[in-house]
Amino acid sequence: MMKNKALFYLAVATVALVSCKKDTLVEVIDVPSKPIVAIEQKGGKPSDLKAAEGAFELMQLPYNYNALEPYIDATTLELHYAKHLLPYVNALNKSVVGTKYEVLDLVSIFKNIAFKDVDVRNYAGAVYNHNFYFEAIAPKSGGVPDGDLMEAIVKDYGSYDDFVKAFADSAVKINGSGWIWLMSDKYGRLRIITTPNNDAPQMKGLGITGVPLLCLDMWEHAYYLKFQNKKREYANTFFSVLNWSKVAERYGAFSKLSAPSSSSAPSAVTTESTDNVPQLEEVEKAKE
């Protein structure tokens with residue numbers, strides 16, 4: 001009985017203490033839905049991995065797991081590539097066997113996906129988004145962009161620093177898992193959008209148009225081992241490994257129209273669509 005009373009008084013005291021302190025709490029901790037456990041470093045290389053035979057191959061990571069340190073640690077990169085992207089590719093290959101999607105590329109799958117084909121949609125989005133992300137990060141990168149891309153950033157966001165802040169603000173506001181994208185419209189104007197889960201901007205039914213230029217993975221496996229709940233710090237650090245040359249290449253791959261004089265700069269985060277904006281597959285065809 002005395003033990004139960006002691007536990008009761010301890011609980012009451014704890015509640016009172018929390019109540020007294022509630023006005024001082026300024027940050028909500030984003031705890032992962034499933035615990036993320038560090039994987040053992042086996043000393044291998046990304047090139048050692050290969051997807052199971054199928055319609056899609058595992059993209060080759062052009063750098064080793066430790067190449068992005070100290071910004072992205074080797075353990076996180078190996079987890080991300082070997083334990084997430086590779087299984088997604090294998091799952092996609094399995095899910096498209098005997099379907100119309102087996103002979104389509106990823107963007108074509110997005111344009112033809114049926115609502116009932118949930119697995120194909122999820123796996124195709126995961127593979128495309130991860131490929132797009134990994135292609136635009138590299139060792140000895142970072143810095144700031146130049147040329148037309150930098151002019152567009154300054155025009156639409158005021159300054160490079162304001163753009164980075166708007167991007168990091170988007171990271172903080174994401175509830176659950178998803179992706180942050182920098183998009184361009186047909187006039188070359190930029191906007192930041194977010195997509196939930198493994199959705200890609202080109203997917204049918206999302207109402208998003210434009211050309212994706214870069215993306216950041218906001219799933220917990222991409223950052224939690226190093227940054228825990230510090231999403232803003234993670235987003236800011238991303239720009240230390242971002243290969244702006246690749247982003248500029250994507251931005252320069254399509255012709256821009258002259259913007260109407262009455263056009264205003266897009267807001268920092270929006271999912272509004274713009275009609276007749278060139279899509280990524282159109283850009284790729286034009287380059288052939």
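This report describes the fold, the nonpolar core, the aromatic contacts and the backbone features of one protein chain.

**Overall architecture**

The structure is a predicted model. The protein contains ten helices and three strands, and along the sequence these elements follow the order α-α-α-α-α-α-β-β-β-α-α-α-α. Of its 288 residues, 44% count as buried. Among contacts with a sequence separation of 6 or more, 74% are between residues 24 or more positions apart.

**The three strands**

Strand 1, residues 178-184, is paired with both of the other strands. Seven bridges join strand 1 to strand 2 (residues 190-196), and the two run antiparallel. Within this pairing, Leu182 of strand 1 has Ile192 as its bridge partner in strand 2. The two strands form a hairpin with five residues between them, and Gly188 in the turn has a positive phi of about 85°.

Strand 1 is also joined to strand 3 (residues 211-217), here by six bridges and again in an antiparallel arrangement. Two of the bridge partners in strand 3 can be named: Asp217 for Trp179, and Pro212 for Met183.

In a regular strand, side chains alternate between the two faces of the sheet. In strand 1 both faces are covered: one side carries Gly178, Ile180, Leu182 and Ser184, the other carries Trp179, Trp181 and Met183, and all of these are buried. Since seven of the seven residues of strand 1 are buried, the strand is largely enclosed by the rest of the structure. Strand 3 is mostly covered as well, with seven of its seven residues buried.

**The nonpolar core and helix 2**

Nonpolar side chains tend to be buried together in soluble globular proteins. In this model the largest nonpolar core comprises 78 residues, and Tyr133, Phe134, Phe163 and Trp244 have the most contacts inside it. Helix 2 (residues 74-96) gives the most to this core, contributing ten residues.

Helix 2 has 23 residues and spans 32 Å from its first C-alpha to its last, close to the 33 Å expected at 1.5 Å a residue. The helix is followed by Gly98, whose phi is positive, near 75°.

The surroundings of Trp244 show which parts of the chain meet at one of these core residues. Leaving aside neighbours within four places in sequence, Trp244 is in contact with Gly142, Gly143, Val144, Pro145, Leu149, Ile153, Tyr160, Phe163, Leu214 and Phe239. Phe163 is thus both a contact of Trp244 and one of the residues with the most contacts inside the core.

**Aromatic and charge-ring contacts**

There are 24 aromatic pairs in the model. One of them is formed by Phe227 and Tyr234: the ring centres lie 5.7 Å apart and the planes meet at 55°, so the pair is tilted. Both partners are buried, Phe227 with a relative accessible area of 6% and Tyr234 at 4% relative accessibility.

One aromatic cluster is made up of Tyr65, Tyr81, Tyr133, Phe134, Tyr157, Tyr160, Phe163, Phe167, Phe238, Phe239 and Trp244. Tyr133, Phe134, Phe163 and Trp244, which have the most contacts inside the largest nonpolar core, all belong to this cluster.

Two charged side chains are placed over aromatic rings. The charged end of Arg250 sits over the ring of Phe132, 3.5 Å from its centre, and that of Lys256 sits over the ring of Tyr251, 4.2 Å from its centre.

**Backbone features in the loops**

A cis peptide bond joins Glu69 and Pro70, with omega about 5°. Pro70 lies in the loop between helix 1 (2-21) and helix 2.

Positive phi values also occur at two residues that are not glycines, as the table sets out.

| Residue | Phi | Loop | Relative accessibility |
|---|---|---|---|
| Lys140 | about 55° | between helix 4 (118-135) and helix 5 (147-157) | 88%, exposed |
| Gln228 | about 50° | between helix 7 (224-227) and helix 8 (231-238) | 32%, partly exposed |

Lys140 counts as exposed, whereas Gln228 counts as partly exposed. Gln228 follows Phe227 in the sequence, and Phe227 is buried.

Key. Predicted model: local features only at pLDDT ≥ 70, side-chain atom pairs only at ≥ 80, totals over all residues. Heavy atoms only, no water. Core = buried A, V, L, I, M, F, W, Y, C linked by side-chain atoms within 4.5 Å. Buried < 20%, exposed > 50% of the residue type's maximum accessible area, 1.4 Å probe, protein only. Helix = DSSP H or I, 4+ residues; strand = E, 2+ residues; numbered from the N terminus. Contact = heavy atoms within 4.5 Å. Expected span 1.5 Å × (residues − 1). Phe/Tyr/Trp six-rings, centres within 6.5 Å; stacked < 30°, edge-to-face > 60°. Lys NZ or Arg CZ within 6 Å of the ring centre and 35° of its normal. Pairing = 2+ DSSP bridges.
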